[in-house]
Amino acid sequence: MKLVIAIINNDDCPAVLSELTREGFSATKLSTSGGFLRAGNSTLLIGVEEEKLDSLIDVMRRFSQSRKQMIQASPVYQGEFLMSMPVEVNVGGATVFVVDVDKFFKL
């Protein structure tokens, strides 16, 4: 048995959860926020048998794509003015941790 901890962009989460449910996986969703962009994320906790792990990862890969987005950078002091230039960053995608589980109880 494995515990999958997946951090997914809020924009991708509905599609990921819908497909996971369609494929027979159960997930617990936690609302979280990232440290760099301070943007909303969803953290999914999923218990899965080892033989179904590749299928689960495939769903996340297909439905949580990385993409580029323009954001306003922190203002920089330029002489007498504060200047803020847009910066292109990668958003979306998923960060996935897979952990061995010794015991699992559903009470």
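This briefing walks through the overall layout of the protein, its two helices and a few single residues. The model is predicted. The protein has two helices and eight strands, and starting from the N terminus the elements go β-α-β-β-α-β-β-β-β-β. If you want a place to start looking, try the two helices, α1 (residues 13-22) and α2 (residues 53-63), whose axes come within 9 Å.

**The big picture**

- Of the 107 residues in the protein, 23% count as buried.
- Take the contacts with a separation of 6 or more: residues 24 or more positions apart account for 66% of them.
- The accessible surface adds up to about 7600 Å², and carbon and sulfur atoms own 54% of that surface.

**How the helices meet**

- People describe two packed helices by the angle between their axes and the distance between the axes.
- Here, the axes of α1 and α2 cross at roughly 150° and come within 9 Å.
- The crossing of α1 past α2 is right-handed.
- On the α1 side, A15, V16, E19 and L20 make the contact, and on the α2 side the job falls to L56, V59, M60, R62 and F63.
- Sort the residues of this contact by type and you get seven nonpolar, two charged and no polar.

**Helix α1 up close**

- Which residues of α1 are buried? They are C13, V16, E19 and L20.
- Looking down the axis of α1, you'd see these buried residues fall within an arc of 140°, so they line one face of the helix.
- There's a handy rule behind this kind of pattern: an α-helix has 3.6 residues a turn, so residues three or four places apart point the same way.
- The buried residues of α1 pack against β1, β2, β3 and α2.
- Turn to the face of α1 that points away from the buried side, and you'll find the exposed residues P14, T21 and R22.
- Just after α1 comes G24, with a positive phi of about 95°.

**Helix α2 up close**

- In α2, the buried residues are L53, L56, V59 and M60.
- Down the axis of α2, its buried residues fall within an arc of 125°, so they line one face of the helix too.
- What covers the buried residues of α2? The cover includes β1 (2-9), α1, β3 (40-48) and β8 (94-100).
- The exposed residues D54 and R61 sit on the face of α2 turned away from its buried side.

**Two exposed helix residues**

- P14 belongs to helix α1, and it counts as exposed because its relative accessibility is 54%, over the 50% cut-off.
- Along the chain P14 and S64 are 50 residues apart, while their C-alpha atoms are separated by 10.0 Å.
- R61 belongs to helix α2, and with a relative accessibility of 56% R61 counts as exposed as well.
- R61 and A94 are 33 residues apart in sequence, but from C-alpha to C-alpha they are 7.7 Å apart in space.

**One loop residue and one strand residue**

- Where does N10 lie? You'll find N10 in the loop between β1 and α1.
- Is N10 exposed, partly exposed or buried? N10 counts as partly exposed, because its relative accessibility is 36%.
- If you skip its neighbours within four places in sequence, N10 is in contact with G40, N41 and S42.
- One of those partners, S42, is 32 residues from N10 along the chain, with 5.7 Å between the two C-alpha atoms.
- S31 is part of strand β2 (residues 28-33), and its relative accessibility of 68% makes S31 count as exposed.
- S31 and I7 are 24 residues apart in sequence, and their C-alpha atoms are 9.7 Å apart in space.

Definitions and conventions:
Residues numbered from 1 in each chain as written. Predicted model: local features only at pLDDT ≥ 70, side-chain atom pairs only at ≥ 80, totals over all residues. Heavy atoms only, no water. Helix = DSSP H or I, 4+ residues; strand = E, 2+ residues; numbered from the N terminus. Buried < 20%, exposed > 50% of the residue type's maximum accessible area, 1.4 Å probe, protein only. Axes fitted to C-alpha atoms, helices over the stretch in contact; angles between N-to-C directions. Left-handed = near helix turned anticlockwise from the far one by under 90°. Contact = heavy atoms within 4.5 Å. Nonpolar A, V, L, I, M, F, W, Y, C, P; charged D, E, K, R; others polar. Arc of directions from axis to C-beta. Areas by Shrake-Rupley, 256 points an atom, 1.4 Å probe, with all protein chains shown as cover.
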